[in-house]
Amino acid sequence: MCAVPIGPEHSHLADIQDHRLLCACRACYLLFTDGGASRGHYRVVPESYRYNADFALSPAQWDAMGIPVNLAFLFYQSDQGRYVAFYPSPGGATESLLDLAGWNEVVAGDPLLQGLVPDVEAVLLRRLDDTFECHLVPIDACYELVGIVRQYWEGFAGGEDVWRRIDAFFAGVQERSRG
Ligand SMILES: [Zn+2]
């Protein structure tokens with residue numbers, strides 16, 4: 001965002017118009033925290049993690065979203081006025097182009113999801129057999145997961161190394177959700 005040097009742990013701002021994330025120093029981050037500083041062009045990526053203990057999704061609803069792996073993240077894209085769904089793949093974040101009507105029904109019945117912050121907060125999902133783990137996370141965390149998959153995925157099924165890293169990533173998310 002500016003020329004101030006920042007460390008490996010830093011905040012992000014979302015550019016709502018260009019659909020990208022910008023690294024931000026603390027001063028820039030705080031400047032945009034009130035949302036009015038840029039007339040909505042930039043929005044701060046929140047830092048809170050929330051576990052959704054009451055999340056209910058059926059395997060059929062998952063399949064209807066066209067997610068071919070057991071990981072996905074969804075967020076509300078305000079300039080399109082709708083949810084978008086992505087999954088990590090060896091080529092990066094891949095968007096599911098299927099109709100998300102079923103997902104909208106899930107959101108309608110879930111008070112926590114209705115409080116999701118548009119553009120900058122995401123619903124992170126992991127399928128474990130026929131149940132689903134759900135966290136509300138800063139959207140930059142999803143791109144951290146995308147980076148793990150892109151960097152370490154091997155062959156058709158990914159290989160042991162990438163899945164060990166994915167497990168460690170989710171352990172970190174769970175830790176933050178509890179705190
Ligand atoms: Zn700055």
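Val69 touches Trp62, Tyr87 and Pro88, leaving aside residues up to four places away in sequence. Keep in mind as you look that this is a predicted model. Val69 sits in the loop between helix 2 (59-64) and strand 5. With a relative accessible area of 24%, Val69 is partly exposed, because buried would require under 20%. If you jump 17 residues along the chain from Val69 to Phe86, the two C-alpha atoms turn out to be separated by 11 Å.

Let us step back and take in the whole chain for a moment. The secondary structure of the protein chain comes to six helices and nine strands. Along the principal axes, the C-alpha atoms fill a box of roughly 45 × 35 × 30 Å. A compact globule with 179 residues would have a radius of gyration near 16 Å, and the protein chain agrees with its 16 Å. Buried residues account for 44% of the 179 residues. Now take the contacts between residues at least 6 apart in sequence: 56% of these join residues at least 24 apart.

From here, follow strand 5 to its aromatic side chains. A pair of aromatic rings is described by the distance of the centres and the angle of the planes. Rings pair when their centres lie within 6.5 Å, and by this rule the count comes to 10 aromatic pairs. One of them joins Phe73 and Phe86: the ring centres are 5.7 Å apart and the planes meet at 15 degrees, so the pair is stacked, as planes under 30 degrees apart count as stacked. This pair links distant parts of the chain, with Phe73 in strand 5 (residues 71-77) and Phe86 in strand 6 (residues 82-89), 13 residues apart. Are these two residues buried or exposed? Phe73 has 0% relative accessibility and counts as buried; Phe86 is buried too, with a relative accessible area of 13%.

Phe73 has another aromatic partner, Tyr143. Their ring centres are 5.6 Å apart and their planes lie at 75 degrees, so this pair is edge-to-face, since that class takes planes over 60 degrees apart. Phe73 lies in strand 5 and Tyr143 in helix 5 (residues 139-152), so the pair ties together parts that are 70 residues apart in sequence. Tyr143 itself counts as partly exposed, at 34% relative accessibility. Elsewhere, Phe55, Tyr76, Tyr83 and Trp103 form one aromatic cluster.

Aromatic rings also meet charges in this model. The charged end of Arg165 sits over the ring of Tyr152, 3.6 Å from its centre. Likewise, the charged end of Arg126 sits over the ring of Phe170, 4.2 Å from its centre.

Arg126 deserves a longer visit. You will find Arg126 in strand 8 (residues 121-128), and at 10% relative accessibility this arginine counts as buried. What does the side chain of Arg126 make a polar contact with? The partner is the side chain of Asp167, at 3.1 Å. Beyond residues up to four places away in sequence, Arg126 touches Asn70, Leu71, Thr131, Phe132, Glu133, Asp167, Phe170 and Gln174. Asp167 and Phe170 are thus both in that list of touching residues, the former as polar partner and the latter as the ring under the charge.

Next along the chain comes Arg127, also placed in strand 8. The side chain of Arg127 makes a polar contact with the side chain of Asp130 at 3.1 Å, and it reaches the backbone oxygen of Asp129 at 2.8 Å. Setting aside residues up to four places away in sequence, Arg127 touches Pro59, Trp62, Asp63, Asn70 and Phe132. Asn70 is 57 residues from Arg127 along the chain, yet their C-alpha atoms are separated by 4.8 Å. Trp62, touched here by Arg127, is also among the residues touched by Val69, which brings us back to where we started.

One last stop is the zinc ion. Which residues are its protein donors? They are Cys2 (SG), Cys25 (SG) and Cys28 (SG), lying 2.1 to 2.3 Å from the zinc ion. Along the chain, these donors follow the spacing C-x22-C-x2-C. Both Cys25 and Cys28 are buried.

Methods:
Residues numbered from 1 in each chain as written. Predicted model: local features only at pLDDT ≥ 70, side-chain atom pairs only at ≥ 80, totals over all residues. Heavy atoms only, no water. Phe/Tyr/Trp six-rings, centres within 6.5 Å; stacked < 30°, edge-to-face > 60°. Helix = DSSP H or I, 4+ residues; strand = E, 2+ residues; numbered from the N terminus. Buried < 20%, exposed > 50% of the residue type's maximum accessible area, 1.4 Å probe, protein only. Lys NZ or Arg CZ within 6 Å of the ring centre and 35° of its normal. Donors = N, O, S within 2.8 Å, 3.2 Å for Na, K, Ca; no water. Polar contact = N/O pair within 3.5 Å; in protein donor to acceptor, adjacent residues only side chain to side chain. Contact = heavy atoms within 4.5 Å. Rg over C-alpha atoms; globule rule 2.2 N^0.38 Å.
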